[in-house]
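Open the model in your viewer and keep the sequence panel beside it. The tour moves from stop to stop, with something to select at each one.

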Amino acid sequence: MREITYRDALKEALAEEIERDENVYVMGEEVAQYNGAYKVTEGLWDKFGDKRLVDAPISEAGFIGLGIGSSMLGLRPVMEFMFWSFCYVAFDQLMNNGSFCRYMSGGLMNVPITVRGPANGGTNVGATHSHTPENLAANHPGIKVVCPSTAYDAKGLLKTAIRDNDPVFVMENTLLYGETWEVPEETYTIPLGKANILKEGRDISLIAHGRAAITSLEAAQILKDQYDIDAEVLDLRSIRPLDVEAILKTVQKTNRVVLVEENKPFCGVDAQISHIIQEEAFDYLDAPIKRVSAIDAPAIYSMPLEKIQIPDAARVVKKALEIC
C-alpha cells in the first residue's frame, strides 16, 4: 500500500469532498492563492477555482460567522484556522451560534460546518499559538470534536466530518503534518465516535488521542522491549462523541490504565475519562488510574523547554511502571 503524509491525506479528503458535493467550499486565511499556511490546501485553488477555495481576511469571527450563516442556507463550509489558538476570537460564533442553533431552532436548522486546522504545541511558536482547546470545545453540547493521529484517520475522519449535519471541529496536530502512514487509494470514511486499538495488549491500557496516541505506541514498544510488559494502545479518534464502550472494554481486559494527552491536566479530557472508568469499571481496576498530561503552564517559547512540557514516551513508561 502507498504511504502519504498526514498533510496530503487531509488534502485528498478535501479534494474528494469538493468534487463529490457542489455545496462544499473551503475558506480561511491564505487557503487559496497562497496554498495554505501548512500547505494542506496546496494546489486546490488551481484545480477548483475561487468559488470553492476562498481567501479570508484576518478576521476569524467574521469568516466563521459567514460559514455558519452559509451552512444554514445549505452549503457545507470547511473553515481553516491558521492555528486553533485563534479560535478564541471566534468563540461567540462557534459556541453561541454554531453549537446551539439546531437545539434552539427545534431541529429546523442544521449547521453542517467543519472547522479544522493545526493545534497543540511543539513548534516553538509561543504560548498564544500552541493551545489544545479540544476540552473546551467538547464541553459544548452540539459540537463534535475529532483528533486524528494518523494519515489514514485524518482522511477518513475529515470526510465524515464534512458530511455531518452538525458542527465538527477537526483538531490536527501540527507535528504530524509531515509524518507518513499507509493510506489506501480507494475512497473511504471513518465513523465518528469509534475508537481504534492501535496495538493489542494484555498487561496495561494506554488510552490517548491525537499525537499522544503515537507517543503511547512508542511507550508500548519500550515497555515490551525493556520490561516485558504487553501494553494495549487505544486511540480515541474523537473526543465527542466518545467511545465509552471501547474504553471500558480495554480496562476490563488489562485492569490497569494510563491516560495520555497533550492537554493541560486541569479539566482535561483525561479527567473526564478517569471519572467514567472509576464510575463504570472501578471493580476491574487492580491499581490506581494514572495520567500523563502537558505541564500545567502556558506553552514555553524555548524549544528545549517546550519539549519537556509535552508528554513523551519516557514519561508514559514511568507512569506505567508505577502500576505494573
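Is M72 buried, partly exposed or exposed? Select M72 and show the surface. M72 counts as partly exposed, because its relative accessibility is 33%, and the partly exposed class runs between the 20% limit for buried and the 50% limit for exposed. Keep in mind throughout that this is a predicted model.

**Stop 1: around M72**

Colour helix 3, residues 60-72; M72 belongs to this helix. Now add C101, M109, N110 and V111. M72 touches these four, residues up to four places away in sequence not being counted. Then pick R102. M72 and R102 are 30 residues apart along the chain, and their C-alpha atoms are separated by 9.6 Å.

**Stop 2: the whole chain**

Zoom out and switch to cartoon. The protein chain has 12 helices and 14 strands. Its radius of gyration is 19 Å, close to the 20 Å that the globule rule gives for 324 residues, so the chain is as compact as a globular protein of that length. Turn the C-alpha trace along its principal axes: the spans are about 55 × 40 × 40 Å.

Buried residues make up 55% of the 324 residues. Of the contacts between residues at least 6 apart in sequence, 80% join residues at least 24 apart.

Switch to a surface view. The accessible surface comes to about 13700 Å², and 52% of it belongs to carbon and sulfur atoms. Next, colour by charge. There are 32 positive and 47 negative charges, and the mean positions of the two sets are 1 Å apart.

**Stop 3: D164**

Select D164. Look in the loop between helix 7 (151-163) and strand 7 (168-173). D164 counts as buried, because its relative accessibility is 14% and the buried class is under 20%.

What does the side chain of D164 reach? Draw a distance to the backbone nitrogen of D166: the side chain of D164 reaches that atom at 2.8 Å. Then show R76, P112, K144 and L192 as sticks. D164 touches each of these, leaving out residues up to four places away in sequence.

**Stop 4: D228**

Go to the loop between helix 8 (211-227) and strand 11 (231-235), where D228 lies. D228 is exposed, because its relative accessible area is 53% and exposed means over 50%. Check the backbone too. D228 has a positive phi of about 55 degrees, although this residue is not a glycine.

Which residues is D228 in contact with, beyond its neighbours within four places in sequence? Add D203 and L223 to the selection; these are the contacts. D203 is 25 residues from D228 along the chain, and their C-alpha atoms are separated by 9.6 Å.

**Stop 5: R237 and P241**

Select R237 in the loop between strand 11 and strand 12. Phi of R237 is near 65 degrees, a positive value in a residue other than glycine. R237 counts as buried, because its relative accessibility is 10%, under the 20% limit.

Now step along to P241. P241 sits in the loop between strand 12 (238-240) and helix 9 (244-254). Look at the peptide bond from R240 to P241. This bond is cis, with omega near 5 degrees.

**Stop 6: Q309**

Finish at helix 11, residues 303-309, which contains Q309. Is Q309 buried or exposed? Q309 counts as buried, because its relative accessibility is 4% and the class takes values under 20%.

Show the side chain of Q309 and draw two distances. One goes to the backbone oxygen of P298, which the side chain reaches at 3.2 Å. The other runs from a polar atom of the Q309 side chain to the backbone nitrogen of I300, at 3.3 Å.

Now bring up the surroundings. Leaving aside neighbours within four places in sequence, Q309 is in contact with K264, S293, A294, I295, A297, P298, A299, I300 and R315. Keep P298 and I300 highlighted in that group: their backbone atoms are the ends of the two distances you have just drawn.

Methods
Residues are numbered from 1 along each chain as its sequence is written. This is a predicted model: local features need pLDDT of at least 70, side-chain atom pairs count only at pLDDT 80 or more; totals for chains, interfaces and linings use all residues. Side-chain values use heavy atoms; hydrogens and water are left out. Helices (H or I, at least four residues) and strands (E, at least two) are DSSP runs, numbered from the N terminus. The radius of gyration is taken over C-alpha atoms; the globule rule is 2.2 Å times the number of residues to the power 0.38. Buried means under 20% relative accessible area, exposed over 50%, partly exposed in between (1.4 Å probe, protein chains only). Contact means heavy atoms within 4.5 Å. Accessible areas come from the Shrake-Rupley method with a 1.4 Å probe; for residues, only the protein chains shown count as cover. Lys and Arg count as positive and Asp and Glu as negative; His and the chain ends are not counted. The place of a charge is taken as NZ of Lys, CZ of Arg, CG of Asp or CD of Glu. A polar contact is a pair of N or O atoms within 3.5 Å; within protein, one must be able to donate a hydrogen and the other to accept it, and residues adjacent in sequence count only if both atoms are side-chain atoms.
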